[in-house]
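Biologist: I would like a close look at a single part of this protein. Please give me one connected answer.

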Amino acid sequence: MNRIIQKLQEPQKLLSIYFTAGYPELNDTVTIIKSLEDNGVDMIEIGLPFSDPLADGPTIQDSSTAALKNGMSSNLLFDQLTNIREIVKIPLIIMGYFNPILQFGVEDFCKKCQEVGIDGLIIPDLPADVYNEHYRHIFEKYGLINIFLITPQTSEERVKFIDGISNGFIYMVSSASVTGSQSGFGNEQEAYFKRIHNMQLKNPQIVGFGIKDKETFTQATQYAKGAIIGSAFIKNLTFNGVNSIELFTKQFKA
Amino acid sequence: MSYNVNEKGYYGEFGGAYIPEMLYPNIEELRQNYLKITAEPSFQEEFHALLKDYVGRPTPLYYAKRLSEKFNTKIYLKREDLNHTGAHKVNNTIGQILLAQRLGKTRIIAETGAGQHGVATATVCALMGIECVVYMGEVDIARQAPNVARMKMLGAKVVPATSGSKTLKDATNEAMRDWINNPVDTHYIVGSVVGPHPYPDMVARFQAVVSEEIKWQLREKEGRSNPDYVMACVGGGSNAAGAFYHYLDEKDVKLIAVEAAGKGVDTGESAATSILGKEGIIHGSKTLLMQTHDGQITEPYSISAGLDYPGVGPMHAHLFKTGRAEFIAITDDDAMTSGLELSQLEGIIPAIETSHALAVFNYKKFKPNDVIVINLSGRGDKDLDTYIKYFKL
Ligand SMILES: Cc1ncc(COP(=O)(O)O)c(C=O)c1O
């Protein structure tokens, strides 16, 4: 069974962390993944850096620019991950924009993912409709779960469509914003979290964008199955380095 | 073979809407409404009245006698430089502001490279009394100071794009991020035939007035509405799309698209997207773009800030792939020389973007009886600094 599906069956609220591969240093990838698992993180999104990350705010943009400058590439990432399944058990998801995947070859990319033990993909600029029509069979052939986003603006009809073609979890973007630009959750978010919860979708939801501390994590997971922390984790890496991961993750597990 | 967009937003294999889910509602709203709204008689009436009385259309189709003599062929110039704000860009911004109003939008955002589209957007926002925010790369802000000042005078807020390479592609990213953050009240006026469907088709339709006019103007002058060639420079491709639009299916009219070779196609400092680009996704569109083999978008170079976009509109990618249009790349030096030549032969100082199209006469032989229409996309006022430095005037 796919590790994401297995993980979603565990009782706890899931803590998921995003980081950009190749940042702060080119060869930090495995160290960061291992350290996140050792510190009780449930799932990891490995960011494949892109030159033009449309859906990201300055923190993830800057980490992507730095990672590319360090020399990160699709091939190198797969090289770094070659033996990852000998040391890490939790679900691993690659999050990246579509163009680098298209240039690698969608089928080759999926095949590589399966070989190294990646469980799923999040590709923000691959629309659900295009995926469903052109790429779904390839992802399924290699046992990969593709994860779709919904936002507060997504219509009920479209949420249902996305739920219908999803087979893992739905990535619930917390508010109308790019990554990293949120200052806490208000009534609007709570109403949205509740509204989606009440739709009784077949896929659980994991909230992302704007989760930065214990408080926002708790708010986000009141109705949802888990939450994803991205920019706040990158900022912590920038200022406190790879050795600070234990301290950073502790706050969410308390 | 169709050269127009299909119902799914594709030109052949190019186009589509590769956008993050956050932009889906905005794009879907546009997609469902743009044809309906622009077909309404009240829209058409207001659009054409503004083009006539505010922009100054129709722009002349001028027979360039001395230029024609020099190259021993018949050259007509479609004078888009005489539009209000000095380029073709305003045809599109007039159309989109009217559309935005009908969609109930109260805030406008735009990207700009050279500043021409930014100025054209700031202008229509002033005209309609709507808030305007223009994203412009930090590097471009420094090299296009007069246009930055114009936008400010017109009441727009100019926001520097400080990410990536700090030029047009990054300004476009910033505008898209703004739209993600402000999905309800804001309309994004994209400045060329690029971006996710329906933008390429919508912008092409607003620019199509150019070839609509060429048809009847040429009939008056030559007794036929089809020239032998239509030629235009291509950055994103909007002025070319406008000049080609009503000729796309007229097989007797040859289309020539002129790209910026920069310092030379093979120098690593070029913006000749069709030659150097590969199929991929940029700003929500599947098209040809300049990229590394790993799929990272690269920074193009041209002396002309309006042509250094790493992609090209999906219509043009299709015209290139099918061979419907011939693509020619012209260097900085050749463009500059031809800009000076037009100034001295015809008393018209062209935008450097346009100068690229004029330089084709040095490389391609035309017959004495060939009728060639060049879209003179803009005037050179904004480029005086560059001309001064280049020719040490
Ligand atoms: C005068 C002029 N011509 C051409 C262009 C290139 O754009 P497009 O290819 O969309 O016409 C620009 C862009 O700024 C411009 O200002």
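Biologist: Which residue of chain B does the UniProt annotation "modified residue: N6-(pyridoxal phosphate)lysine" cover? Take me through that site, then work outwards.

Modeller: The residue is K89(B); the label comes from an unreviewed UniProt entry. Bear in mind that this is a predicted model.

Start with the place. K89(B) sits in helix α4 of chain B, which spans residues 89–102. Its relative accessibility is 18%. The cut-off for buried is under 20%. K89(B) therefore counts as buried.

Now its surroundings. Setting aside residues up to four places away in sequence, K89(B) touches Q116(B), H117(B) and A120(B). It also touches G191(B), S192(B), Q207(B) and S238(B).

The record also gives a wider frame. UniProt lists residues 56–378 of chain B as "domain: Tryptophan synthase beta chain-like PALP", again in an unreviewed entry. Over that stretch the chain is 40% helix and 20% strand. The C-alpha atoms at its two ends are 14 Å apart.

Another residue of chain B to look at is H316(B). It lies in helix α13, residues 314–322 of chain B. H316(B) counts as buried because its relative accessibility is 0%. Leaving out neighbours within four places in sequence, H316(B) contacts V193(B), G236(B), G237(B) and A240(B). Its other contacts are A241(B), F244(B) and F327(B).

Next, charge pairs. Side chains of opposite charge can pair when their charged atoms come close. Over all chains, a search of the whole structure finds 37 salt bridges. One of them in chain B joins K382(B) to E353(B), with the closest N and O atoms 2.8 Å apart. This pair links distant parts of the chain, 29 residues apart. K382(B) is in the loop between β14 (371–375) and α16 (384–391), while E353(B) is in helix α15 (residues 352–358). Both K382(B) and E353(B) are buried. Salt bridges with shared partners also tie R57(B), K78(B), E80(B) and E213(B) into one network.

K52(B) and D53(B) make another salt bridge, with closest N and O atoms 3.6 Å apart. Here K52(B) is exposed, and D53(B) is exposed too.

Then there is the border with chain A. Chain B puts 32 residues into the contact, and chain A puts in 37. The size of an interface is often given as the accessible area lost when the parts come together. Between chain B and chain A, the buried area is about 2800 Å². Carbon and sulfur atoms give 54% of it. In chain B, E21(B), M22(B) and R177(B) lose the most area to chain A. Together they make up 22% of what that side buries.

The interface has polar links as well. Between chain B and chain A, 18 residue pairs are in polar contact, counting pairs with both residues at pLDDT 80 or more. Four elements of chain B each supply at least two residues of the side that touches chain A: α1 (24–39), α8 (168–181), β11 (278–282) and β12 (285–289). The largest share, 8 residues, comes from α8(B). By type, that side of chain B divides into 14 nonpolar, 8 polar and 10 charged residues. The rule finds 3 salt bridges across this interface. One such bridge joins K8(B) to E133(A), with closest N and O atoms 3.2 Å apart.

Cross over to chain A. R158(A) forms a salt bridge with D129(A), the closest N and O atoms being 3.2 Å apart. This pair too links distant parts of its chain, 29 residues apart. R158(A) is in helix α8 (residues 156–165) of chain A, and D129(A) is in helix α7 (residues 128–141) of chain A. R158(A) counts as buried because its relative accessibility is 6%. D129(A) has a relative accessible area of 31%, so it is partly exposed.

Finish with helix α2 of chain A, residues 29–38. Its buried residues are T29(A), I32(A), I33(A), S35(A), L36(A) and E37(A). An α-helix has 3.6 residues a turn, so residues three or four places apart point the same way. What covers the buried residues of α2(A) includes the strands β1 (14–20), β2 (43–48) and β3 (92–96) of chain A. The helices α4 (74–80), α11 (231–240) and α12 (245–253) of chain A are also among the covering elements. After α2(A) comes G40(A), with a positive phi near 85°.

Methods:
Residues are numbered from 1 along each chain as its sequence is written. Chains are lettered from A and ligands numbered from 1 in the order in which they are written. This is a predicted model: local features need pLDDT of at least 70, side-chain atom pairs count only at pLDDT 80 or more; totals for chains, interfaces and linings use all residues. Side-chain values use heavy atoms; hydrogens and water are left out. Contact means heavy atoms within 4.5 Å. Buried area is the accessible area (1.4 Å probe) that two parts lose on being put together, summed over both. A salt bridge is a side-chain nitrogen of Lys or Arg within 4 Å of a carboxyl oxygen of Asp or Glu. A polar contact is a pair of N or O atoms within 3.5 Å; within protein, one must be able to donate a hydrogen and the other to accept it, and residues adjacent in sequence count only if both atoms are side-chain atoms. Ala, Val, Leu, Ile, Met, Phe, Trp, Tyr, Cys and Pro count as nonpolar, Asp, Glu, Lys and Arg as charged, and the others, Gly among them, as polar. UniProt positions are given in the numbering used here, feature names are shortened, and annotations may be inferred rather than shown by experiment. Buried means under 20% relative accessible area, exposed over 50%, partly exposed in between (1.4 Å probe, protein chains only).
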